[in-house]
Amino acid sequence: MDEQTQPRSLDPADWQSIRLQGHRMLDDMLDYLEHIRARPVWQPIPEGVRAGFDAALPTAATELAAVHADFMRDILPFATGNAHPGFMGWVHGGGNVAGMLAEMLAAGLNANLGGRDHAPIEVERQIVRWAAQLFGFPATASGLFVTGTSMANMLGVLVARADAFGLGVRRKGVAAYKKRLTAYGSSAAHGCIAQAMDLCGIGSEALRLIPTDDHHRIDPVALTVAIAADRAAGLTPFLVVGTAGTVDIGAIDDLAGLADIAQREALWFHVDGAFGALAILAPDLAPRLAGIERADSIALDFHKWAQVPYDAGFILVRDGALHRSAFATQAAYLRRETRGLAAGSPWPCDFGPDLSRGFRALKTWFTLRVYGTEALGAVIAHTCALARHLERRILATPQLELLAPVQLNIVCFGYRGDDPDALNARIVADLQESGIAAPSTTMIGNRLAIRAAIVNHRTEQRDVDALLDAVMVFGAAGAASRAA
Ligand SMILES: Cc1ncc(COP(=O)(O)O)c(C=O)c1O
């Protein structure tokens, strides 16, 4: 053998020592999760640590144990902190141990779920069937794992676009059509809907942002008026987006009312249920989603309320045949067969733009099977109960004001004072840097709010109390320093 044909496998020369090292890595992550309460929720990255990421591209080998030690020292302590029970910022799920272990299995298998005939794809198909069952969709519905709801919403808009123009739009592009499409969502809809319109070539301005009522739900009368005005102007309404759980305050649009309007107006009805759709798992909350079963497509994230480790976005489409024809392409190198590894068509790559796809389904499958939907539903209900506890404490505290009605698991509030926006932004930064709790902020009307989105299954009443107690301390200090 000459030098070039020497074995070059990256597998370890000594499997026994790698096994020990692997067990140490596993133990470290289990220790991290078991003792996470003892850590700060978040801490800023020290400048020296940040500078370490400027190191040159490694040309030579480093021991796995040494790289692991770097991870433990420089990465793990400075993560976002969303596994921590005190994390209440944005809408982040907490992850779970079974899902974490499943990620290791998936990485070991290194499956590519773009296509071909193998059991990992059957796992994803089973989750598609489970999702269809959960949302009352027919057995002919289709579904696909994607990164997150931003991507799932874009796929929903693309299928709706194919429905509106016909499949020719895939070849000709929107510019070939005289029809000018318009879509409708509420002013509380997530920004990724407008971005999806942009990315699909229809343009973000073609998304009409309809006003909401005082509970941040789309106003159906204003919606009907906007559709009529666009039709009168010669435009072609094609899509209405309902939100199940708005990002700011967790409002749920009247989905049954939207389904009626979509049916009457012959529009595609898409539901952005990024976190809220999975309220379907909580028996007390599920009735609030009435009408979701009439959607043409639903976007959701298993990585939020279902606690699956990042990332596990998902799209469900009622008309599986249309979904497939909106994305499927033909290529000699992706030829399908009736036997052998190239059997099993259609493949997941026929339902979206990704050809290389990881095994997101496995961590979701483990999470659903290991905990069961009843326990996951109970977690969801519990986070809403904690939000109501926080709301009660805010209402009982004269220095605080509730800035939006609490509808699910999100509480928006503020500390009263002169220049309250500056004060509350400072309180949130102080809280995050203290390591006690990590809420985020949003704007409610023209007011900056402290926003606590309680998503994590580890969060308990004591964590919500710790958040509020710390708000009182930082709020009083902030108000005093302004007065001084
Ligand atoms: C209502 C809503 N839609 C869309 C998104 C975007 O989802 P993702 O971050 O998974 O892309 C979010 C994120 O929080 C959301 O709350």
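**View 1. Pro346 in the loop between α11 and α12.** Pro346 belongs to the loop that links α11 to α12 (360-395); helices are DSSP runs of H or I with at least four residues, strands are runs of E with at least two, and both are numbered from the N terminus. The peptide bond between Ser345 and Pro346 is cis, with omega at about 0°. The model is predicted: local features need pLDDT of at least 70 and side-chain atom pairs count only at pLDDT 80 or more, while totals for chains, interfaces and linings use all residues. Residues are numbered from 1 along each chain as its sequence is written, and side-chain values use heavy atoms, with hydrogens and water left out.

**View 2. Backbone geometry in two further loops.** A cis peptide bond also joins Tyr310 and Asp311, where omega is about -10°. Asp311 lies in the loop between β7 and β8. Ala266, a residue other than glycine, has a positive phi near 55° and is placed in the loop between α10 (255-265) and β6.

**View 3. The open sheet and helix α11.** The sheet is open and mixed in its pairing, with 7 strands in the order β2-β8-β7-β6-β5-β3-β4; two strands pair if DSSP finds at least two bridges between them. Because β2 (142-146) and β4 (207-210) each have a single partner strand, they stand at the edges, and one side of each is left without a neighbour in the sheet. Direction ignored, neighbouring strands are turned by 20° against each other on average. Helix α11 (residues 320-327) packs on this sheet and touches β2, β6 (268-272) and β8, contact meaning heavy atoms within 4.5 Å. The direction of α11 makes about 50° with that of β2 (axes are lines fitted to C-alpha atoms, for helices over the stretch in contact; angles run from 0 to 180 degrees between N-to-C directions).

**View 4. Pairing of β7 with β8.** Strands β7 (residues 297-301) and β8 (residues 313-317) are antiparallel and pair over 5 bridges. Leu300 has Phe314 of β8 as its bridge partner.

**View 5. Surroundings of the ligand.** Among the 14 residues around the ligand (a heavy atom within 4 Å), Thr149, Ser150, Asp272, Asp301 and Lys304 come nearest. A ligand nitrogen atom is 2.7 Å from an N or O atom in the side chain of Asp272. Ligand oxygen atoms are 3.0 Å from a polar backbone atom of Thr149 and 3.1 Å from a side-chain N or O atom of Lys304; polar contacts are pairs of N or O atoms within 3.5 Å. The protein buries 84% of the 390 Å² that the ligand exposes when taken alone (Shrake-Rupley method, 1.4 Å probe).

How values were computed: A polar contact is a pair of N or O atoms within 3.5 Å; within protein, one must be able to donate a hydrogen and the other to accept it, and residues adjacent in sequence count only if both atoms are side-chain atoms.
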